[in-house]
Structure formats: structure tokens, C-alpha cells
Amino acid sequence: PLLIYDTEAIGYPTRPLSSVIDVAPTLLDRIGAHIPEHWSGLPLSRPATRRFVVMQARNTHAIIGQFGGEFFKYYRHREGDAEQLMKLTPDGAERAVSSLDAHAAVLAELRNELELRVPALKQERHAFGNRPATK
């Protein structure tokens, strides 16, 4: 959750996917400052759509993707190149996907999108071999 107290009556549109990377561009936008072009965050006060959000914590990268009205989260653990696919519930909880076969296309798209955004992961996957995702 994020609470922004704004002195003006600004409408902040609802977004299905936002990230902490959107906070700094939001603050710069509200004071009228230039947002660096190389930043990937988007001001929360402007309408925008985003299908994927990437995150990292220590040796784990993750990506959340929207597929229709459903959200999935794919984890890539750099140690041993282990993977996990989770489905996000409306309350934000993560539940392991019960059938990877039924979600093979989601898994492949999330894996590819994460490797596109973090190229080192693709190189590591090829070094370890293409291991199947775990539940």
C-alpha cells in the first residue's frame, strides 16, 4: 500500500500492476521535474497500462504478469537455476500452480519476458541446462 497526500485534487487512476519503481517518477511528475528517459517507472498520476512487473531480492528474480484477468508470478532462483510458478489470488496471496502443463504457455511467456529484461538469466539457464519449473 502507498498513501500519497497531494495538495491538489489529482485523480490517481487504478492500475492492475504497479511497482515501487513508479514512486520516484510520480514524485518528480507532481513537482514538475523531468523524469529521466532511462527510468522504467511510470507516474502513478497518469493513466498507463503495464502487463509485467519485474523484481529482485538477493539471488531471486521474479516477474508478475497479467493474463486476461489473472495474475501469475514466476520466480527464478539463481542458485541452482530453480524456477517456480505461482498464481496470485485477488487478495494478493500466492498459490503454487497445481498443473504446469495446463499453464505451459504462461510459464514460457513469463520466463521469456524475465530473460528479456534480465539477459544474464538466459545465459545462466543455458549454462545449467533448461530445467523444468518446480511447484
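Hi everyone, let me start with a small detail: the side chains of Thr89 and Asp91 are joined by a polar contact of 2.2 Å. Before going on, please keep in mind that this is a predicted model.

So where does Thr89 lie? Its place is the loop between β4 (82–88) and β5 (94–96). Is Thr89 buried or exposed? Thr89 has a relative accessibility of 17% and the cut-off for buried is under 20%, so Thr89 counts as buried. Across from that loop residue we can look at Phe71: the C-alpha atoms of Thr89 and Phe71 are 7.7 Å apart, while 18 residues separate the two along the chain.

Let me step back to the whole chain for a moment. There are three helices and five strands in the protein chain, and starting at the N terminus their order is α-β-β-β-β-β-α-α. The C-alpha trace spans about 50 × 30 × 20 Å along its principal axes. Of the 135 residues, 37% are buried. If you take the contacts with a separation of 6 or more, 42% of them are between residues 24 or more positions apart. The accessible surface comes to about 8,600 Å², and carbon and sulfur atoms hold 56% of that.

Now to the aromatic rings. How many aromatic pairs does a search of the whole structure find? The search finds two. For Phe52 and Phe67, the ring centres are 6.5 Å apart and the planes stand at 75°, so this pair is edge-to-face. Phe52 belongs to strand β1 (residues 52–57) and Phe67 to strand β2 (residues 60–67), so the pair ties together parts that are 15 residues apart in sequence. Both Phe52 and Phe67 are buried. The other pair is Phe67 with Phe72, again edge-to-face, with 5.9 Å from centre to centre and 75° between the planes. Phe72 is buried, as is Phe67. Put together, ring pairs link Phe52, Phe67 and Phe72 into a cluster. And there is a charge to add to the picture: the charged end of Arg51 sits over the ring of Phe67, 4.7 Å from the ring centre.

Phe72 takes us straight on to the core. Which residues touch the most other members of the largest nonpolar core? Among its 14 residues, they are Phe72, Tyr74, Leu85 and Leu110. Two or more residues of this core come from each of β2, β3 (70–77) and α2 (104–117), and α2 gives the most, with four residues. If we stay with Phe72 and set aside its neighbours within four places in sequence, its contacts include Ile63, Ile64, Gly65 and Phe67, then Leu85, Met86 and Lys87, and further along the chain Val97, His103, Val106 and Leu110. There is also a second, separate core of five residues, which includes Leu17, Val53, Ile64 and Phe71. You will remember Phe71 from the start, where its C-alpha atom was 7.7 Å from that of Thr89.

My last stop is Arg76, which is found in strand β3. Is this arginine buried or exposed? Arg76 has a relative accessible area of 0%, so it is buried. Its side chain is joined to that of Glu115 by a polar contact of 2.7 Å.

To recap, we have a cluster of Phe52, Phe67 and Phe72, a largest nonpolar core of 14 residues, and a buried Arg76 whose side chain makes a polar contact with that of Glu115. Thanks for listening!

How values were computed
Residues numbered from 1 in each chain as written. Predicted model: local features only at pLDDT ≥ 70, side-chain atom pairs only at ≥ 80, totals over all residues. Heavy atoms only, no water. Phe/Tyr/Trp six-rings, centres within 6.5 Å; stacked < 30°, edge-to-face > 60°. Buried < 20%, exposed > 50% of the residue type's maximum accessible area, 1.4 Å probe, protein only. Lys NZ or Arg CZ within 6 Å of the ring centre and 35° of its normal. Core = buried A, V, L, I, M, F, W, Y, C linked by side-chain atoms within 4.5 Å. Contact = heavy atoms within 4.5 Å. Polar contact = N/O pair within 3.5 Å; in protein donor to acceptor, adjacent residues only side chain to side chain. Areas by Shrake-Rupley, 256 points an atom, 1.4 Å probe, with all protein chains shown as cover.
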